[in-house]
2 protein chains.
Amino acid sequence: MTFSEENYLKSIYSLQKDSPKGVSTTILAQYLESKPASVTEMIKKLDEKGLVLYQPYQGVLLNKNGELVALKVIRKHRLWETFLAKKLDFSWDEIHDVAEQLEHIKSDKLIKELDRFLGFPTHDPHGDPIPDEQGNVIKVEKKQVSQLVPGDTGTCVGVNDTSSSFLQFLDQQQIKLGTVIEIMHLQDFDKSMTVRIDGRELLLSQIATENIYVKF
Amino acid sequence: MTFSEENYLKSIYSLQKDSPKGVSTTILAQYLESKPASVTEMIKKLDEKGLVLYQPYQGVLLNKNGELVALKVIRKHRLWETFLAKKLDFSWDEIHDVAEQLEHIKSDKLIKELDRFLGFPTHDPHGDPIPDEQGNVIKVEKKQVSQLVPGDTGTCVGVNDTSSSFLQFLDQQQIKLGTVIEIMHLQDFDKSMTVRIDGRELLLSQIATENIYVKF
DNA sequence: AAATAAGTTTAGGCAAACCTAAAAAATATA
DNA sequence: TATATTTTTTAGGTTTGCCTAAACTTATTT
């Protein structure tokens, strides 16, 4: 299993939730910052290896095998993220690039010991659940802030966009996991929201409210 | 800088101590489990990049630039080894393969924070000094056990062979860093030595005594 | 239903890093 | 010194993963 193959499987895993009939080569290429032609090549290879279901022109989906591999990579990624945040004082936005590299290290012992060393965490620093060794994932009940209405209150449990610009924005606004967000007002014309956080009032754009998850 | 380039520089660094006039392509190929022809290609590339001095048929040596890069890789390798041994309970022989992968992770912040997290260690679990950020290495006064004579006593500060079979042997014999070794007797015909360790008497072959370093 | 647009695949190339086999240079030996 | 041996390099090939441009499907308009 090469780095590149692992990245493809991980990406398909993320994207197939929104495209349950098949992830298109264009979408996948965009996500991987690659080109559709390159994607076609790779998914043909993954199909031959028995990791994905691929029908020409119909997109690609993981099969059981591929999903298991993807979940193992995701497990490693999230354990490393936890390590970086909890032990090495990385901030939200600095974590991702390094975890992206660390997730490809091959050693069962390493990941088992890291898990133990971190105290068997169930969620990573972005609030996403860490799959167990068998690939089981805990489902979290969560809503986008944009789905709340004035008067509602939620506790931040994760984000969708993990780009460093968005995470930096959250850092600046002191929004992190566990932060309580109360909806004050919905601006009708642009769907922006006035919210209260730790007593401060704050305006969040629609883009922002769609990318913050809360439980309630 | 690719993984492969980093491995070449690191290998040349190790080998040029024993071949100060130039490391031959055959030696380097052997060390890297590769072929002389592949080595020639790569060192030509490293020469063009200004990292090594290469004279056809005369072998290769690092220049200042290449040495600095090599030392940075070695620094990362040894810090990761320390992490695996001290935090993840890896045994002597399990460490190497994983550190070999981790040393190529690219992130200045990562290595700085790891160093801090480990308490700025000066030596790795094999007793080798960890270069600092500027590439300075502490020289250690050390002798092979084979150089001692009956009556001498030394404290284990490192090993030469880092193959897992040798490290497993040391684990079995409970020889580790700091272990005090007293020479009892030298067997003349095969240069094996009877030594005392923690009260136990033990026979070490010449191969073994040449691969254990002690300070005295 | 035909024409156009959008998305996908195929074809042909490129760079990195490896390989084997043949040629060339350096070294050792008679 | 001439010959044989060993070492090194060159030449040509392979695989992986990427690319662009052209050909082909599928979807959308008119």
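Colleague: How many aromatic pairs does the rule count over all chains?
Modeller: The count comes to 10 aromatic pairs over all chains; rings of Phe, Tyr and Trp (its six-membered ring) pair if their centres lie within 6.5 Å, with planes under 30 degrees apart counted as stacked, over 60 as edge-to-face and the rest as tilted. This is a predicted model, in which local features need pLDDT of at least 70 and side-chain atom pairs count only at pLDDT 80 or more, while totals for chains, interfaces and linings use all residues. Residues are numbered from 1 along each chain as its sequence is written, chains are lettered from A and ligands numbered from 1 in the order in which they are written, and side-chain values use heavy atoms, leaving out hydrogens and water.

Colleague: What kind of aromatic pair do A:Phe117 and B:Phe83 form?
Modeller: Their pair is edge-to-face, 6.1 Å centre to centre with 85 degrees between the planes. A:Phe117 lies in helix α6 of chain A and B:Phe83 in helix α4 (residues 64-86) of chain B, so the pair joins two chains. Helices here are DSSP runs (H or I, at least four residues), numbered from the N terminus.

Colleague: By what turn can chain A be laid on chain B?
Modeller: A turn of 180 degrees with a shift of 0.0 Å along the axis lays chain A on chain B with an RMSD of 0.3 Å, by least squares on the C-alpha atoms of residues with pLDDT of at least 70 in both. The two copies are thus related as by a two-fold rotation axis. Of the residues of chain A, A:Leu102 comes closest to that axis, its C-alpha being at 3.7 Å.

Colleague: And how much area do the two chains bury between them?
Modeller: Chain A and chain B bury about 1800 Å², 71% of it on carbon and sulfur atoms; buried area is the accessible area (1.4 Å probe) lost on being put together, summed over both parts. On the side of chain A, A:Leu88, A:Gln101 and A:Lys109 lose the most area, together 26% of what that side buries.

Colleague: How many salt bridges run between chain A and chain B?
Modeller: There are 4 salt bridges between them, each a side-chain nitrogen of Lys or Arg within 4 Å of a carboxyl oxygen of Asp or Glu. A:Glu94 pairs in this way with B:Lys109, the closest N and O atoms being 3.3 Å apart.

Colleague: Which helix of chain A gives the most to the side that touches chain B?
Modeller: Helices α4 (64-86), α5 (92-102) and α6 (108-117) of chain A each supply at least two residues of that side, and α6(A) gives the most, with 6 residues.
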